[in-house]
There are 2 protein chains.
Amino acid sequence: MPGHPLDVVAIGNALVDVLTHENDEFVAEHGLNRGTMTLIDMERAESLYAVMGPGLEMSGGSAGNTATGVASLGGAAGFVGKVFDDQLGAVFAHDIRATGVEFTTKPATSGPPTGRCLIIVTEDAHRTMNTFLGASSRLTPDDIDEAQIARAKVTFLEGYLWDLPEAKDAFRVAARMAHRAGNRVALTLSDPFCVDRHRREWLELIRDEIDIVFANESEVCSLYEVDDVDHGMARLAGDCAIAAVTRSEKGSIIVAGEERVPIAADPVEEVVDTTGAGDLYAAGFLFGLTRGYDLELCGRLASLAAAEVISHVGARPLVTLSDLAAPLLPT
Amino acid sequence: MPGHPLDVVAIGNALVDVLTHENDEFVAEHGLNRGTMTLIDMERAESLYAVMGPGLEMSGGSAGNTATGVASLGGAAGFVGKVFDDQLGAVFAHDIRATGVEFTTKPATSGPPTGRCLIIVTEDAHRTMNTFLGASSRLTPDDIDEAQIARAKVTFLEGYLWDLPEAKDAFRVAARMAHRAGNRVALTLSDPFCVDRHRREWLELIRDEIDIVFANESEVCSLYEVDDVDHGMARLAGDCAIAAVTRSEKGSIIVAGEERVPIAADPVEEVVDTTGAGDLYAAGFLFGLTRGYDLELCGRLASLAAAEVISHVGARPLVTLSDLAAPLLPT
């Protein structure tokens, strides 16, 4: 496998999701930040887990979910992220490889255990995420393999990585390697609070190093500190070649220079769990882009992948996305 | 909590289920015994896991599922079973306690890791189980707490335990303690192959030590080596006070002396995964029995609990069963 061309290599936190269903009172009572991602330490992870209901464990992590989505669409994907050499690390490695994703990052043998994301799904199908990064915070520039980055048409980075100094370095190193090889670099802003923490550095990074940005409306507004998303999109269009701005059930808008391509959301019979919606949107979009499809078709593939993942519990596709996508693709 | 009366204490293998969806060709290609439970060693567990698709981890184990069902119906339940002091062991302990079940068995600190059951769910919603017992095989008579057994109206034993010499001793010890305290003992035959392996010993055990037997039609036929299930049920009626014989979508028949109480299966919109059907049937039945309900109502509660668990992926209830059961109960 090493040596073959990749469509996308995704770099991010290697996490196992622990999902449970709770009501709004639980979220309020335990002081959780409803609908967002909060970083927690080991102690908090243990105390929160102790009060959570029975869990369901599934491999997750934003960029990991995106990599599996690309693979499920029939693309060649790689993932770079750090687990510990423990049972949850073995689960993560098994699951991502079982979807056909190339995953060769060495597990850590010292330091904290494999990271996990405690996800509370409330009755409205929204998720509140509490992430103990664990071993995933030990990603360093040494884990980035220049030959692998060179093989990938797009290097995809999750914004969450930026919270960690060494992972941030890995992130920068990977972006430079990708450009050196003539490839593109994509970034997902991940979370409005994440944008808030890193606004200045990210604006610079996007101008200098990022070709494709994924963000939702509130992340765009937070990035440029504006109330009007159209204004934010205009600024974003000036800072990167392509941006895809997601708008939940209103679909998304693809921004490229002066061009604005509105994309409808795919209909979903019942929204069960929104975990992974943005990750799979990025998967569909990047799969399309690496196939050379036009922006509208890229957006439609993105909507299709996002719709599949919100129709069930869990942040990775349960069906082969290439089967769902086949009717949309040029023959 | 210790010291309070229990409705049911369930003793069995402490396992984490690893579920994946595969087609029939996968089952054939890897020589799996479709629709049954096969014991596998660590090496086989690793090689099978390596070829399985991405998994979903949830706590399981037959008797553990039954205990959570009793708790979900509003009963007081305990569970006795052995995990290792590792991540999957912590997951098992968290999940069973989170449902309100008393679980105080000390984890093993030497020997094999926490046991797991690799479950292949095929397109017909049936499950093929491959169990690596791991630490759960280390259950010994020392793990049985006479005070706890004495507190429980019913001690429930899973037949799977009988495959292990020390667990078998634990099983016998628990049955005797229960009777010494004037309580009842229930046994589930677990699996037709399990019956086949232990027929002679089990016949003796049922006559001497078991008050309530759970079995499906093929297990009853295997136990008495008969083709006619009515004949088998007549024999069973002579050997134990109460037997509940499950018949999949045809419902069940409760056998008590000359009495035969037919119970309809509860309608299920879509059967998604039959894992746990028998375990939850036993939960509903025992909950009713410990409440002093008549056999028909016990059977209806059993059908209700089984119907809930086969309507979704996973072997434990996803909703609070007491809410579903409320309309059936005397006010």
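In this predicted model, strand β10 of chain B, spanning residues 184-188, runs parallel to strand β11 of chain B, residues 212-216, and the two are joined by three bridges. Within β11(B), I212(B) serves as the bridge partner of A186(B).

Both strands belong to an open sheet of nine strands in chain B, arranged in the order β6-β5-β1-β9-β10-β11-β12-β13-β14 and with mixed pairing. The sheet is bounded by β6 (102-103) and β14 (259-263) of chain B, edge strands that each pair on one side only. Helix α8 of chain B, formed by residues 217-224, packs on this sheet through β11 and β12 (242-246) of chain B, and the direction of the helix makes about 110° with that of β11(B). A further helix of chain B, α10 (residues 277-290), lies across β1 (6-11), β9 (152-158), β10, β11 and β12 of that chain, running at about 160° to β9(B).

For chain A, the secondary structure comprises 12 helices and 14 strands. The radius of gyration of chain A is 18 Å, close to the 20 Å given by the globule rule for 331 residues, and chain A is therefore as compact as a globular protein of that length. Taken along the principal axes, the box filled by the C-alpha atoms of chain A comes to roughly 50 × 40 × 40 Å. Of the 331 residues in chain A, 54% are buried, and among contacts in chain A between residues at least 6 apart in sequence, 74% join residues that are at least 24 apart.

Technical notes: Residues numbered from 1 in each chain as written. Chains lettered and ligands numbered in written order. Predicted model: local features only at pLDDT ≥ 70, side-chain atom pairs only at ≥ 80, totals over all residues. Pairing = 2+ DSSP bridges. Helix = DSSP H or I, 4+ residues; strand = E, 2+ residues; numbered from the N terminus. Contact = placed C-beta atoms within 7 Å. Axes fitted to C-alpha atoms, helices over the stretch in contact; angles between N-to-C directions. Rg over C-alpha atoms; globule rule 2.2 N^0.38 Å. Buried ≥ 20, exposed ≤ 12 C-beta atoms within 10 Å, placed from the backbone.
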